[in-house]
Amino acid sequence: MRAFIFAGLTSIVVAAPALAQFTVSRDGNVKPDSIATRYKLDFAIPDAPAFTLLKRDQSSVLRPGTVREFAAQVSKFVSAEHGLSLPREFAVEFSPAMLIGGSTLSLSKYQRSPALYRLRLSAATERSSVGFTAASLGLRVALIDKVDLRTDPAFLTATTELTTGVNRIFADQVRERGPRPGMEITLDDLTPERKAAVEGLIEQQRKRVTERRWNADILDVAMGSRGESTDTTGKSFKLTEYAAWLTYGKGFGGWGQLLLGARTSMARDSVSGNFKGVGSAGARLYAGTNKYKVFLEGEGELKARDNEWLLNGGGEARLITGGWIQFGAGVRWVGSNKAELVGSLTFKLGVLGL
Amino acid sequence: MAKKKKKPAQKTAPAKPADTQAKDQAVAMATAANVPTARFDPAGGPLSAQVSSGFAQPGSYTLFLWELNENTIVMEKAGNFLNSDDDEYQLPGTNAQQDGRYAQALVTVAITPPELHYAVALSVIQDGKTLATDLKSGTGTAGDVITRTLWVLSAAQ
């Protein structure tokens, strides 16, 4: 084995609305603020196509995920002198339909066209210290998403029965106390018996949501393009890559998920300036629980010359403070060269918006 | 003897009927309590109340219509958001009877991830036009069950 390549990447993903906050200490650790600690992302954070292209991540498996209204991602905020700097990579991913019409979106309207609301756009930029600038745009849609509880009739029926039960208890209290215009009725306004009954129902619902399957079937389609400029003004900006992904996730019991992915791209050759096609396919098997899992993946990339092969393994864990850590190490073969070790470390933090 | 000048008769506003006073009081109270007021046309079409839940959050509601200055429930309807087509209710009685009535909605939503926002609303509608809306919105955590109270006062123009 000729070399060991460690691709250290620390990134922050901000889910839900913007204005979320985090702090980064001198040693590069990212700590969520008090608001952030209130929210722990339930499921692993999906990859945004634009960010994947920006990072030149050639992985054929684009991690799928259920739609979020807004997500942002930053990385490379530790400078060469090991001090903190403004992030050199920044990406956002959002669902335009949810952002525009989310507050008036009824459940039945969502169910009539879930693909529209699951469609996400992403954009990413990178600036380098030597004046090089890159930007990418991405689009992703989940054609199948069984993780999405708003399209699960059994869940919705059970949930609606429960909310009807809670509402009935509050209504009993309202009838007894009469109208108090402008006043909210809260749990503390209920009699002890009613309050206990409502709390019991809420606990039941929390358990139901927690127990949903992290590995439910999902099918994601994504595409994106990347461009570069050799200066900061963007005058010499030109497209350098187009890519498309197809990822299918299949769950096994409560313990596993197999992701099958394919990626095809046209990338500009840095010497000739001509576009050349590249295709890759891979499979990744996750085993464990939602909070802690290990994975094993293999993938191959077919090029005009020097095909690449990768065998990789690692783990993923949800952090107590909220967020996820992903790590992996493996072996890569390029053409007839000897194998080389590769590694990666990714930190993703989901925080609650305001 | 100098003639005493007659004092001009003190002008007083004509006494309002008791129900008008009560309505004015209700409007003042609604304004103070930040309750939206639906100013309706007495000669227009019938009023209706609509309950809704945004961000595709599932849930249930109870809609009350309270008589002016009484602990009397004129109408009570319960429903859910599985189907949004049946969440609008015509208010019973004539338009004149709606003057000063409060609509109250208790709305319970279950925060269903990945969406953690909710927005619930109660609107009073006349002839297809929304006259007033009480909207409560916020963010919860996955699995939360949240109950909010919404109010709209109906008052003739």
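User: Which residue in β12(A) does Arg268(A) stand opposite?

Analyst: In this predicted model, Arg268(A) faces Phe275(A) across the pairing with β12(A).

User: And how do β11 and β12 of chain A run relative to each other, parallel or antiparallel, and over how many bridges?

Analyst: They run antiparallel, with 13 bridges joining β11 (residues 256-268) to β12 (residues 275-288) of chain A. The two strands form a hairpin with six residues between them, and in that hairpin Gly273(A) adopts a positive phi near 80°.

User: What does β12(A) pair with in the antiparallel sense over ten bridges?

Analyst: That partner is β13 (residues 292-302) of chain A. Here Gly288(A) stands opposite Lys293(A) of β13(A), and β12(A) and β13(A) make a hairpin that has three residues between the strands. Strand β12(A) therefore takes part in pairing with β11(A) as well as with β13(A), given that two strands pair if at least two bridges are found between them.

User: Switching to helices: which residue caps the N-terminal end of α5(A)?

Analyst: Asp152(A) does, with a side-chain oxygen placed 3.2 Å from the backbone nitrogen of Ala154(A). Just after the helix, Gly178(A) has a positive phi of about 80°.

User: Why should α5(A) span 36 Å?

Analyst: Because the helix, residues 153-177 of chain A, has 25 residues, and the expected span is 1.5 Å times one less than that number. The C-alpha atoms at its ends are 36 Å apart in the model, which agrees with the expectation.

User: Zooming out, what is the secondary structure of chain A, and how many of its residues, as a percentage, count as buried?

Analyst: Chain A contains six helices and 16 strands, and 49% of its 354 residues count as buried, where buried means under 20% relative accessible area. Its accessible surface is about 16,900 Å², with 61% of that belonging to carbon and sulfur atoms. Among contacts in chain A between residues at least 6 apart in sequence, 60% connect residues at least 24 apart.

User: What pattern does chain B follow along the sequence?

Analyst: Chain B has two helices and nine strands, and reading along the sequence gives α-β-β-β-β-β-α-β-β-β-β.

User: What about its burial, surface and contacts?

Analyst: Of the 157 residues in chain B, 52% are buried, while the chain exposes about 7,600 Å², with carbon and sulfur atoms supplying 51% of that area. As for contacts in chain B with a separation of 6 or more, 70% are between residues 24 or more positions apart.

Methods. Residues numbered from 1 in each chain as written. Chains lettered and ligands numbered in written order. Heavy atoms only, no water. Helix = DSSP H or I, 4+ residues; strand = E, 2+ residues; numbered from the N terminus. Polar contact = N/O pair within 3.5 Å; in protein donor to acceptor, adjacent residues only side chain to side chain. Buried < 20%, exposed > 50% of the residue type's maximum accessible area, 1.4 Å probe, protein only. Contact = heavy atoms within 4.5 Å. Areas by Shrake-Rupley, 256 points an atom, 1.4 Å probe, with all protein chains shown as cover.
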